[in-house]
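Okay, thanks for making room for me. Let me put the structure up, and then I'll walk you through the contacts.

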Number of protein chains: 2
Amino acid sequence: MLTMERKALILDRLQKEQRIVAKDLSQQLGLSEDTIRRDLRELAGEGLLQRVHGGALPASKALADLPSRRKISAEDKTAIAKAAAAMARNGQVIFLDGGTSTVAVARAISMQLHATVVTHSPDIAVALLEHPNIEIELIGGRIYKHSNVAVGAAASEGISHIRADIFFMGVTGVHPDYGLTTGDREEAAIKRAISRQSAETIVLASKEKLGAVSAYDIVGVDEIDGLIVEKSCSNDLLKPYQTRGISITRAHA
Amino acid sequence: MLTMERKALILDRLQKEQRIVAKDLSQQLGLSEDTIRRDLRELAGEGLLQRVHGGALPASKALADLPSRRKISAEDKTAIAKAAAAMARNGQVIFLDGGTSTVAVARAISMQLHATVVTHSPDIAVALLEHPNIEIELIGGRIYKHSNVAVGAAASEGISHIRADIFFMGVTGVHPDYGLTTGDREEAAIKRAISRQSAETIVLASKEKLGAVSAYDIVGVDEIDGLIVEKSCSNDLLKPYQTRGISITRAHA
DNA sequence: GAATGTTGTGCAATATCGTGCAGTAACTTG
DNA sequence: CAAGTTACTGCACGATATTGCACAACATTC
């Protein structure tokens, strides 16, 4: 196993799991703890992670990482969320994906809207409790803790019994050639299943997602119907999608 | 468990619960009280919290003067929750009902416990996210907003595919003759279904529930296996259940 | 003021860390 | 092809950090 590979893998895991234990890593990779520690030391030297006794934590600020990331693009995110929420019509069945972007959509949904929201995210279900006219349908399954959504066979089964009018999907990568991608295999499978059960699929794409590619593909760009981006998005980035008949919505704050 | 993680978790809980007790924390995290106290001391040194005899309070505000009434009823509830959480064993499949009592159980579950928790409550699922060794299985269905649990045909279907070792049930009425009752028809049906799929059914009964009767019956007293009550419960109230072979657990704060 | 529970400190056991050293493999150089 | 160079990895050992226990001091309650 190459050094570079190891380091990449360490950083990858660190991002997903928020913590790394030197001993565990050495066992799982079949290497001595010394090697792992050396890697950690070097990565810490490059400022890519923060060492603590027993392992390592993400670079920026331990667990403060998530809140800060939320704040940074909070304005754009709520703008996108509002634009998505505005697409919903009375009487529709709306499928809401899991993730911070879609929780924002849930919050942005009008108290006046009479509709059914289907979701496999407990967070979304909780966020929608206070909406008096929204019927909530929760998809069950094994909870995938990294992103807090239901996955697995039970979730797929639940999805297969529902047909939605519109699906608001969060992704980590949107690319003209490679399509929609995300960083986890199970999540990709679930998103694909939902998209197939929905008449329309709308993708929420904050700036950094456009042109990005993640490990697991969900569906091709031809299978989605709309893209919601922030206002400051360049036309060049969006052309490949427009020419394929995908409706673009620019979210104005 | 890493030191930094512990501290982050302590601060996190402090923000949520406004008050933490060193003893409880040590039990849930599976560490000695000394370690917790050391952490509290260090965090207090950094001005991140304020120590008091028995535990700690958030740093800045004068939240110490919260209504004492709220604390008292909360104490009994957490006592019951702790007693319930202590019943769980490694490797078990545990069904957790929805409701404030059972969310407290979720929070009281030890970080050391390796088990699967099945629930039809999004709140429980979210509460258990931080437990590293708990596998969460969420039951889907239409969300009944009054109590925030999944109900209906989809929920029944999901429950029918799972067998649990132990079921912690919340109710609104426990009566020797009328059995276990609750105020909603759909919830009663779900609780009954879960009870049938579980080897043991344990009922969480705060003081005001004993002897009370609500509109819809769940199961008779003969179909439950255990009752957890607070310490100040009179023996007379409990006799009818003991004579029927139901194990009584008195929760001591 | 006695009983109980909580706290601080010294101490020992354990786990983790950093460094020096040696062996191996891939690559370079003459 | 042989020798040297470099990078990588694992082992050993002393240094440091963390944790749990014991006991005395202190606070709280009745």
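**Protein on DNA, chain on chain**

I'll start at a base: D34(B) has a polar side-chain atom 2.9 Å from a base nitrogen of DNA strand D. Before going on, the ground rules. This is a predicted model, with local features needing pLDDT of at least 70 and side-chain atom pairs counting only at pLDDT 80 or more, while totals for chains, interfaces and linings use all residues. Residues are numbered from 1 along each chain as its sequence is written, chains are lettered from A and ligands numbered from 1 in the order in which they are written, and side-chain values use heavy atoms, with hydrogens and water left out.

Staying with strand D, R38(A) also goes to a base: an N or O atom in its side chain is 2.9 Å from a base nitrogen. R6(A), on the other hand, takes the backbone of the DNA, with a polar side-chain atom 2.3 Å from a phosphate oxygen of strand D. As for where this surface comes from, α1 (3-17) and α3 of chain A and α1 (3-17) and α3 of chain B are the elements that give two or more residues to it. Helices here are DSSP runs of H or I with at least four residues, strands are runs of E with at least two, and both are numbered from the N terminus.

How many residues surround DNA strand D? It's 17, and the closest are R6(A), T35(A), R6(B), T35(B) and R38(B); being near means having a heavy atom within 4 Å. Of the strand D atoms that come within 4 Å of the protein, sugar and phosphate account for 58%. By class, that surface has three nonpolar, eight polar and six charged residues. The classes go like this: Ala, Val, Leu, Ile, Met, Phe, Trp, Tyr, Cys and Pro are nonpolar, Asp, Glu, Lys and Arg are charged, and the others, Gly among them, are polar.

Now over to DNA strand C. Here 18 residues surround the strand, and the closest are R51(A), G54(A), R51(B), H53(B) and G54(B). Sugar or phosphate makes up 75% of the strand C atoms within 4 Å of the protein, and the rest belong to bases. By class this surface splits into three nonpolar, six polar and nine charged residues. For individual contacts, a polar backbone atom of G54(B) is 2.7 Å from a phosphate oxygen of strand C. V52(B) also uses a polar backbone atom, at 3.5 Å from a phosphate oxygen. R37(A) comes in with its side chain instead, an N or O atom there being 3.5 Å from a phosphate oxygen. The elements supplying at least two residues each are α2 (22-29), α3 (33-45) and β2 of chain A, plus α3 (33-45) and β2 (49-52) of chain B.

Next, the two protein chains. 35 residues of chain A are in contact with 28 residues of chain B, contact meaning heavy atoms within 4.5 Å. The area buried between them is about 2,200 Å², with 63% of that from carbon and sulfur atoms; buried area is the accessible area (1.4 Å probe) that two parts lose on being put together, summed over both. On the chain A side, L129(A), L138(A) and K145(A) lose the most area to chain B, together 27% of what that side buries.

What about salt bridges between chain A and chain B? The count is three, where a salt bridge is a side-chain nitrogen of Lys or Arg within 4 Å of a carboxyl oxygen of Asp or Glu. R19(A) pairs with E5(B), closest N and O atoms 2.6 Å apart. R142(B) pairs with E135(A) at 3.9 Å. R142(B) sits in strand β7 (residues 141-144) of chain B and E135(A) in strand β6 of chain A, so the pair joins two chains.

Those strands turn up again in the pairing. β7(A) pairs with strand β6 (residues 134-138) of chain B in the antiparallel sense over two bridges, and pairing here requires at least two DSSP bridges between the strands. In that pairing, R142(A) stands opposite E137(B) in β6(B).

Last stop is a sheet inside chain A. Three strands form an open sheet in the order β10-β11-β13, and the pairing is antiparallel. β10 (173-175) and β13 (216-217) are at the edges with a single partner strand each, so one side of each has no neighbour in the sheet. T181(A) has D217(A) in β13(A) as its bridge partner.

Note on methods: A polar contact is a pair of N or O atoms within 3.5 Å; within protein, one must be able to donate a hydrogen and the other to accept it, and residues adjacent in sequence count only if both atoms are side-chain atoms.
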